[in-house]
Amino acid sequence: MVTLAEVAQHAGVSASTVSYVLSGKRSISATTRQRVERSIRELGYHPNAGARALASSRSNIIALMVPLRTDMYVPVMMEIAIAVATTARTHGYDVLLLTGEEGPDAVRRVAGSGLADGMILMDVELDDERLPLLRESAQPAVLIGLPADTTGLTCVDLDFRATGALCVEHLAGLGHRDVAVIGEAPAVYERHTGFAERTLDGLRTRAQETGLRLLHRPCEGGYDATAVTVARILDERPGTTGFVVQNEAAVEPLLALLRQQGRAVPEDVSVVAVCPEQVAVQASVRLTSVSLPAQEMGRHAVEQLVAKLDGRGGDEVVLLPPELTVRASSGPAPIR
């Protein structure tokens, strides 16, 4: 392993000069800096993480808390996590991934141990039990998600309330008057998970404003559970001509069930999804959808946290505006 002293000898400078180039604590001439940086590249030198942490009181690590649950769509969570890790590296940080359902204990462990300089929390609930500890802790943190009370917090999220409203506006504009929502698994609503609750609020509020009748039913996803949910919806509201789906595991089963029943999409029934773009474009019918900006959310979260770590950022809520892309699955309501 190459040492700092070997870099100094190779560059023809003192070890302290190399240290100053690495830390940026003192002004070094451009010529000297370039010579040191060239030696670092040629020798393949990497600063010792432990020594660097001791010298700077910083670990250069960000803790990312991603509780992996069976009722969530893991690919989206991992896409956000990859965006966090990639963006963090551009700022000189590594990412410590915590996937257990530890709740406040995870926050307490990270904040009290010095494992990381800051935290990014995902899977945020409206009354998340981790939030009191975050507000009490001096450690910088950012939420990817929106709780009911954002006081003293920095949050980044898609504007899910506007997302729900946008889906209703699209279907109402096409003349649909009876719309059903196939939602997330019941446990997601039982936890009062922010994104699901806010989408539902946006759907209901805009439906009331436009005179559209809305029926919401949670669904576990998968063919069997979706079949039961669709049968229940059509039994309660046989005149349903539009579906909004916020459940990736129910998308393809819904389309298959509609085909089996002889209901053409979009001639007889329109379908709008809140899902990753990849799910929408690879479905058996290309779906009109509001995509989840996973990469943008991860990037914004890291940038907000780095600003806090550098003493530049305050508490802020960043809501990304939704964009609805019209594809083959939505059309005018059928004339009855």
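These are my notebook entries on one cavity, three helix pairs and two backbone details.

**Entry 1: the model and its cavity**

I am working with a predicted model, and I began by looking for enclosed space. I found that the structure holds 1 cavity of 30 Å³ or more, and for the largest cavity I noted a volume of about 390 Å³. I then listed its lining, which comes to 26 residues, and I wrote down V76, M77, F160, F195 and L292 as those that lie nearest the centre. Sorting the lining by class, I got 16 nonpolar residues, together with 4 polar and 6 charged.

Next I asked myself which helices each supply at least two residues of this lining. I recorded helix 5 (74-90), helix 10 (194-210) and helix 14 (294-309), and I noted that helix 5 gives the most, with 3 residues.

**Entry 2: helix 8 against helix 10**

Having met F160 and F195 among the residues nearest the cavity centre, I turned to the pair of helices whose contact includes both. The axes of helix 8 (residues 160-173) and helix 10 come within 6 Å and cross at roughly 40°, and I therefore entered the two as oblique to each other. The crossing, as helix 8 passes helix 10, I noted as right-handed. On the side of helix 8 I listed F160, R161, G164, A165, C167, V168, E169 and A172 as making the contact, and on the side of helix 10 I listed F195, R198, T199, D201, G202, L203, R206, A207 and T210. By class, I counted 8 nonpolar, 4 polar and 5 charged residues in the contact of helix 8 with helix 10.

**Entry 3: helix 1 against helix 3**

I then looked up helix 1 (residues 4-11) and helix 3 (residues 30-43), whose axes come within 9 Å and cross at roughly 120°. That angle makes helix 1 oblique to helix 3, and I marked the crossing of the two as right-handed. Helix 1 contributes E6, V7, H10 and A11 to the contact, while helix 3 contributes R35, V36, S39, I40, E42 and L43. I divided the residues of the contact of helix 1 with helix 3 into 5 nonpolar, 2 polar and 3 charged.

**Entry 4: helix 11 against helix 12**

For helix 11 (residues 223-236) and helix 12 (residues 248-260) I read axes that come within 9 Å and cross at roughly 60°, and this pair is therefore oblique as well. I noted that helix 11 passes helix 12 in a right-handed crossing. In helix 11 the residues I listed are Y223, T226, A227 and V230, and they meet A249, A250, P253, L254, L257 and Q260 in helix 12. What did I find for charged residues in the contact of helix 11 with helix 12? I found no charged residues there, the classes being 8 nonpolar and 2 polar.

**Entry 5: backbone details**

I closed with the backbone, where I found V265 and P266 joined by a cis peptide bond, with omega at about 10°. I placed P266 in the loop between helix 12, which I had already examined, and strand 9 (270-274).

I also checked the phi of D123, and I entered it as positive, at about 55°, although D123 is not a glycine. As for where D123 lies, I located it in the loop between strand 3 (118-121) and helix 7 (131-136).

Methods:
Residues numbered from 1 in each chain as written. Predicted model: local features only at pLDDT ≥ 70, side-chain atom pairs only at ≥ 80, totals over all residues. Heavy atoms only, no water. 1 Å grid on protein atoms, 1.4 Å probe; cavity = no way out; pocket = protein on both sides within 12 Å on 5 of 7 lines; lining within 4 Å. Points joined across faces, edges and corners; volume = space filled by probe spheres on them. Helix = DSSP H or I, 4+ residues; strand = E, 2+ residues; numbered from the N terminus. Nonpolar A, V, L, I, M, F, W, Y, C, P; charged D, E, K, R; others polar. Axes fitted to C-alpha atoms, helices over the stretch in contact; angles between N-to-C directions. Parallel < 35°, antiparallel > 145°, perpendicular 65-115°, else oblique. Left-handed = near helix turned anticlockwise from the far one by under 90°. Contact = heavy atoms within 4.5 Å.
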